[in-house]
Amino acid sequence: MAENFFECVYAVVRRIPPGKVATYKLIADILDTRDARRVGHALHANPDGSRTPCHRVVFSDGRLAPGYAFGGPNGQRRKLELEGVTFIDGNVDLSTHLWQPT
DNA sequence: CAAGTGACAATAA
DNA sequence: TTTATTGCCACTT
């Protein structure tokens, strides 16, 4: 385990393959915690997206972050679509693209 | 040190 | 089904 919780979050997020998405709750569960908020804070504290694809992390409902994330509410959706993720009514199709820890 | 805030989630109304 | 409230835990002021 990483010394910092944030590092651990980044590591998990980087583990998500293209075309897949993870939820804050899922990552929290992997890190043996129940606080999804911590995960969210970690991604927000993330230095830059080049290192950690935060755009692959969504709400448990398949909803994206409040909007001001990633330089545009549409930005994330476009990125995910480019990776092969499908959207339903503006939400990520978790039933199809939810990443499962191996 | 205490209170407030927040890229969340679950439950109640 | 949507909206409101509560809980969890860390970070900031």
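Student: Which atom of DNA strand C lies 3.0 Å from a polar side-chain atom of Arg 37?

Tutor: Good place to start! Bear in mind that this is a predicted model. To read such a contact, look at which part of the strand is reached. Here the partner of Arg 37 is a base oxygen of DNA strand C.

Student: What part of the strand does the side chain of Asp 35 approach?

Tutor: For Asp 35, an N or O atom of the side chain is 2.8 Å from a sugar or linking oxygen of DNA strand C.

Student: Which residues are around DNA strand C?

Tutor: Phe 6 and Arg 38 join Asp 35 and Arg 37 there. Sorted by class, that surface holds three charged residues, one nonpolar residue and no polar ones.

Student: And how are the atoms of the strand within 4 Å of the protein divided?

Tutor: Sugar or phosphate accounts for 50% of those atoms of DNA strand C, and bases supply the rest.

Student: Let's turn to the cysteines. How many disulfides are found in the whole structure?

Tutor: Zero. To judge a possible bond, look at the distance between the two sulfur atoms, which must be within 2.5 Å.

Student: Why is Cys 8 not bonded to Cys 54?

Tutor: Their sulfurs are too far apart for a bond, because 16 Å separates the sulfur of Cys 8 from that of Cys 54, the closest cysteine sulfur. Looking from the other side, Cys 54 has Cys 8 as its nearest cysteine sulfur and is in no disulfide.

Student: Is Cys 8 buried or exposed?

Tutor: Cys 8 is buried, with a relative accessible area of 10%. Cys 54 is buried too, at 6%.

Technical notes. Residues numbered from 1 in each chain as written. Chains lettered and ligands numbered in written order. Predicted model: local features only at pLDDT ≥ 70, side-chain atom pairs only at ≥ 80, totals over all residues. Heavy atoms only, no water. Near = heavy atom within 4 Å. Polar contact = N/O pair within 3.5 Å; in protein donor to acceptor, adjacent residues only side chain to side chain. Nonpolar A, V, L, I, M, F, W, Y, C, P; charged D, E, K, R; others polar. Buried < 20%, exposed > 50% of the residue type's maximum accessible area, 1.4 Å probe, protein only.
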